[in-house]
Amino acid sequence: MADSSYIHVLLPLKLKWEPVYSVPSCSIAVGDRVRVEFAGKEYVGVVTDSDASEDAAGIGPDRIKPVLEILTRLNRISKEELELWRQVSEYYLCTAGEVYKAAYPMGKIEEEQVKARLEERHKARIERLEDKIAKARREDTRARYVEQLNALMSRRQAPGPGGAAGETSGPQGPELSPAQTEAYSRIKDIFGNGRPALLHGVTGSGKTEVYMKLAREALDNGRNVLFLVPEIALSRQLEERTRAVFPEELQVFHSAETVPRRIETSIFMRSNPYLILGTRSSVFLPHRDLGLVIVDEEQDPSYKQDNPSPRYNGREAAIMLAGIFRASVILGSATPSLESLYNCSAGRFAKVDLTRRFFDAADADVEIIDTIAERKKNGMVGSFSRKLIEHIGGTLEAGGQTAILRERRSYSPVVQCQECGSILKCDRCDVALSLHHRPDGSEKLVCHYCGRVREYTGRCPKCGGNLQPLGAGTQKIEEEARKLFPEARIARLDSDNHSAEAGIIKQFETGQIDILIGTRMVAKGFDFSGLSLVAVLQADSLLGQQDFRADEHALQLLEQFRGRCGRRAEKGLFVIQTSQPDHPVYSSVLGASQDSAGFLKERKLFGYPPYSRVINIILRDYNLQRLELMSRFLSEALSRSGLSEGSSMAGPYPPAVEKVAREHIRILRVLLPKDRNLKSNKRIVLETLERFEKDRKYPGHISLDVDPV
Ligand code: ADP
Ligand code: ZN
């Protein structure tokens, strides 16, 4: 078979190896995509080795299957992309195929169709403009259209590879303040040493302007920029700011983008200088000539993908990506993650501080209100304390704005029967059902874990007694606020009214809303100049989970929220209503005791991350008995697996929500010291698991989560 060659192909599967196929001897290269058959199904795979030997397959050459088609229509995967997939898979203990699948979620649509559509849209735009020019009566209007038309026509023809690099830069941002300039030059020094810089600066200290300047510079040097944010929806203002500075280069990309949109973005990236503003999955776009990676709000848990595999953290993947391109990395935060602080102390990152707010406003004052004590002395009206009501009243009178955070969407998070006392639970999950009001006034019960919805009858399904909603979610709080402040303009922001989001944010920004009520969304990423009062209701729901990170996350969220108010010169007020006023998290907010140094000390003492690495092994099974038995077996197998000194294990234990969508869950937690054995320890965990699955033929589901958040 002299006229055939052999190739290795990476398939979008949880497959440890890369099967061998034969191709007719023609030009095929690493990164080409091919249609192949594997185990009776067809897949689009990626060529990872174009020159394999026929023995590599371990079967006779006559049994090696030929590829079905070389997909020249699809763009070639770059060696940098392949390298990133390998690094991510190695770190997160998954297969490169799973990363490939996440990076290229296949749809039916192909690049050609998207190109044709883009071409059509472009033509239509030109036609519309020509039409407008013909109809324009005034000379200056016509001139403006002509200018737009020229821009549109030239954009299409100009860019070849390397794009329009070297062209004059776009609009400049504002002049940096002395403090920003100082931070900026320190960052440049750090970049010069090839290290990531951690920019630690309170909200409003001007971090974004520093990013913009660094981005401008990278683009002027002909290199591209990736700007990561935790969530796009919450970054609309940032999007506007970025668009103002980089109108030509900006492409916005988030996880929910469709396949055509992804292809569109890839086409743009191939032929233009670009700045991608996007969520974690934008690390898997086909990057080229990357010069700078910005990770804003680097501590945000939404950078972590929980499900499905790869369970990666966008921040870590971004650092890997930057390493591959030798690009600079800047991480920014008002409350840096302990991981990043640890990396600074270990010398891997270097920290730069921006201590003052740009407009020099002082931090908001904090007032903690003990709801139990207040209730005893008749100081509560529903969910609001009289003290808070007074503050809101005062703010309204002064023409200021208020934001209220309640970390539970729904009308009531719990519904109880007044007769038999039972609490309505999802029959598939181990959680209480929430009562929601629909816009038309009807009511439904929703499981926040599996999403199941059913009608609310007001009658207990067990005894037929009357049901009573308990507690208040955002909807109820909105209702209460409308009664308390009938004259105020009030709106709600949570994932139940997603579609209204952009409008509400805009209205709040322009002062058309006085009181904004919502879930943690209201704490994130906005810059509202009129906001002078922020309040958290039932702050307890942020604490008290069994996770060792809960307090850290609660503190970060509270600090973030506090930073939202009083951004312009005047001082704001931050009210926390809680039934545990003595909780250490609040004294941290008050600046009294534990700060991140305190958290770090505690972590060191217990050998928790960032001083160790955690791997969660998650077992799911419909059959509880089998699950309990198997998780014990696996635990025993792991303790015999030869993990090095200093490693430890916890569990199997049930998580806070023990059953989701009928599957019971058990977790085994492995703690590995961060020493030279780390890599081999991780491999041992993976191999033990693989052997276990193979030997036991366990029908349940086992997954690995490295660095869970
Ligand atoms: P951060 O990103 O740290 O929250 P921002 O970059 O959003 O801070 O800055 C806070 C506010 O100060 C914004 O309204 C921003 O426009 C303004 N600002 C920051 N730096 C400058 C500057 N150098 N000149 C003018 N305004 C600035
Ligand atoms: Zn459920």
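This passage looks at the salt bridges of the structure, which is a predicted model.

In total, 44 salt bridges are counted. A few of them deserve a closer look, beginning with a pair that joins two helices. Here the side chain of Lys506 meets that of Glu240 in a salt bridge, with a distance of 3.5 Å from N to O. Lys506 belongs to helix α14 (residues 501-509) and Glu240 to helix α7 (residues 236-245), so the contact links distant parts of the chain, 266 residues apart. Neither partner counts as buried, because that label requires a relative accessible area under 20%: Lys506 is partly exposed, at 39%, and Glu240 is likewise partly exposed, at 43%.

A second salt bridge is found within a single helix. Arg261 pairs with Glu264, and their closest N and O atoms are 3.7 Å apart. Both residues lie in helix α8 (residues 259-271), with a spacing of 3 residues, or about one turn of the helix. Arg261 and Glu264 are both buried.

The salt bridge between Lys304 and Asp705 again spans distant parts of the chain, with the two positions 401 residues apart in numbering. Its closest N and O atoms are 2.5 Å apart. Lys304 sits in the loop between β10 (290-295) and α9 (314-325), whereas Asp705 is part of strand β30 (residues 701-706). Both Lys304 and Asp705 are buried.

Finally, some salt bridges share partners. Through such shared partners, Glu478, Arg482, Arg492 and Asp494 are joined into one network.

Conventions: Residues are numbered from 1 along each chain as its sequence is written. Chains are lettered from A and ligands numbered from 1 in the order in which they are written. This is a predicted model: local features need pLDDT of at least 70, side-chain atom pairs count only at pLDDT 80 or more; totals for chains, interfaces and linings use all residues. Side-chain values use heavy atoms; hydrogens and water are left out. A salt bridge is a side-chain nitrogen of Lys or Arg within 4 Å of a carboxyl oxygen of Asp or Glu. Helices (H or I, at least four residues) and strands (E, at least two) are DSSP runs, numbered from the N terminus. Buried means under 20% relative accessible area, exposed over 50%, partly exposed in between (1.4 Å probe, protein chains only).
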